[in-house]
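Reader: I keep meeting words like "buried" and "salt bridge", and I'd like to know what earns a residue such a label. Can we go through some cases together?

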Amino acid sequence: MTKFYTLARTELVEAMKEYKFIWLTLFFVILGVTQPLINKYMEVILKNVGGTNGITIDPNRPVPSSAEVLLSTISGQFNQIGLIILIISFMGLIAADRNSGMQDFILTRPVSLQSYLLSKLASHWIISMFSISIGAGVSYFYTLLLFGTLSFSSFLFFLILYSLWILYVVSLAILISTFIKSPILIAVATILVSMVCIIIKGFNHLVFQLSPGGILNLAEQQLLSIQDLNYFSIGTCFFFISCNISLAYLKIKNS
């Protein structure tokens, strides 16, 4: 446990030195603010940036609920642009150590491979969720301000379940890092697999529920206050996270 703590702390300190906590948080705050403002002031924005010629805005269009606005922020902004930037930010989390020889240096010390991998997983999950939580919190505040009330407990449960999805994405990046040396290719492969987990929802709902992306459906249902919830997705998500870390362990051990 001491080795795990030391390695995780080193990763967090390194992230602070690279100002990752600041720029990543600012990025998610901007994403979080943008969607509620666009939803509320779309007509005003169009008039000020070039008029609404050729664009018809239905004056009787239904006003989206606060839950729908926050959901569109997470699904549209965080899960697309945000996820890509997030993956790029930690694309070298294993490859950089291996290419610089740091991985061999660490693992020849009295440090277990489990501690090394779990410290990577935990530290990058903390960095990611620190930024996402603040960005989502700001978005929640603006959504309340512009669209009305939304249960804080629903938002909190949503964020907890969404954090499991982020944990899966980090574990996926770790696994792919053990097979590919190029950070760019690691980022591309991680983004592609993550996106497949998300868009598969539109093709086969059962496969989606059995995939790691099923946890996103459960998280969204928290915001929409759906009563009939299937918590099986939590176990599925943890299963895939365990598989990713176990396969990464075997790959490094046998290399």
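Author: Sure, let's start with Ser-66, which has a relative accessible area of 7%. Keep in mind that this is a predicted model.

Reader: Why is Ser-66 called buried?

Author: Buried means under 20% relative accessible area, and Ser-66 has 7%, so the label fits. Ser-66 sits in helix H3.

Reader: What does Ser-66 touch, leaving out residues up to four places away in sequence?

Author: Ser-66 touches Thr-143, Phe-147, Gly-148, Thr-149 and Leu-150. With Thr-149 there's a detail to look at: the Ser-66 side chain reaches the backbone oxygen of that residue at 2.7 Å.

Reader: How do you know that Glu-11 and Lys-120 form a salt bridge?

Author: Check the distance. The cut-off is 4 Å between a side-chain nitrogen of Lys or Arg and a carboxyl oxygen of Asp or Glu. Here N to O is 2.5 Å, so the pair counts as a salt bridge. It ties together distant parts of the chain, as Glu-11 belongs to helix H1 and Lys-120 to helix H6, 109 residues apart.

Reader: Are those two residues buried or exposed?

Author: Glu-11 is buried at 17%, and Lys-120 is buried at 3%; the limit is under 20%.

Reader: How many salt bridges does the structure hold?

Author: Two. Glu-18 and Lys-20 also meet in one, at 3.9 Å from N to O. That's within 4 Å, so this pair qualifies too.

Reader: What makes Glu-18 partly exposed, while Lys-20 is buried?

Author: Partly exposed lies between 20% and 50%. Glu-18 has 43% relative accessibility, so it falls in that range. Lys-20 has 8%, which is under 20%, so Lys-20 counts as buried.

Reader: And why is Tyr-19 called exposed?

Author: Exposed means over 50%, and Tyr-19 has 56%, so it passes. Tyr-19 is in the loop between helix H1 and helix H2. Together with Ile-22, Trp-23 and Leu-26, Tyr-19 forms a nonpolar surface patch with about 450 Å² of accessible area.

Reader: What about the inside: how many residues are in the largest nonpolar core?

Author: That core has 63 residues, and Leu-117 is one of those with the most contacts inside it. Helix H7 gives the most to this core, with 17 residues.

Reader: Which residues is Leu-117 in contact with, beyond its neighbours within four places in sequence?

Author: Leu-117 is in contact with Ile-94, Ile-174, Ile-245, Ala-248, Tyr-249 and Ile-252.

Methods. Residues are numbered from 1 along each chain as its sequence is written. This is a predicted model: local features need pLDDT of at least 70, side-chain atom pairs count only at pLDDT 80 or more; totals for chains, interfaces and linings use all residues. Side-chain values use heavy atoms; hydrogens and water are left out. Patches are made of residues with over 30% relative accessible area and no salt bridge: like charges are joined within 9 Å, nonpolar side chains (Val, Leu, Ile, Met, Phe, Trp, Tyr) within 5 Å. Accessible areas come from the Shrake-Rupley method with a 1.4 Å probe; for residues, only the protein chains shown count as cover. Helices (H or I, at least four residues) and strands (E, at least two) are DSSP runs, numbered from the N terminus. Buried means under 20% relative accessible area, exposed over 50%, partly exposed in between (1.4 Å probe, protein chains only). A nonpolar core is a set of buried Ala, Val, Leu, Ile, Met, Phe, Trp, Tyr and Cys residues joined through side-chain atoms within 4.5 Å. Contact means heavy atoms within 4.5 Å. A polar contact is a pair of N or O atoms within 3.5 Å; within protein, one must be able to donate a hydrogen and the other to accept it, and residues adjacent in sequence count only if both atoms are side-chain atoms.
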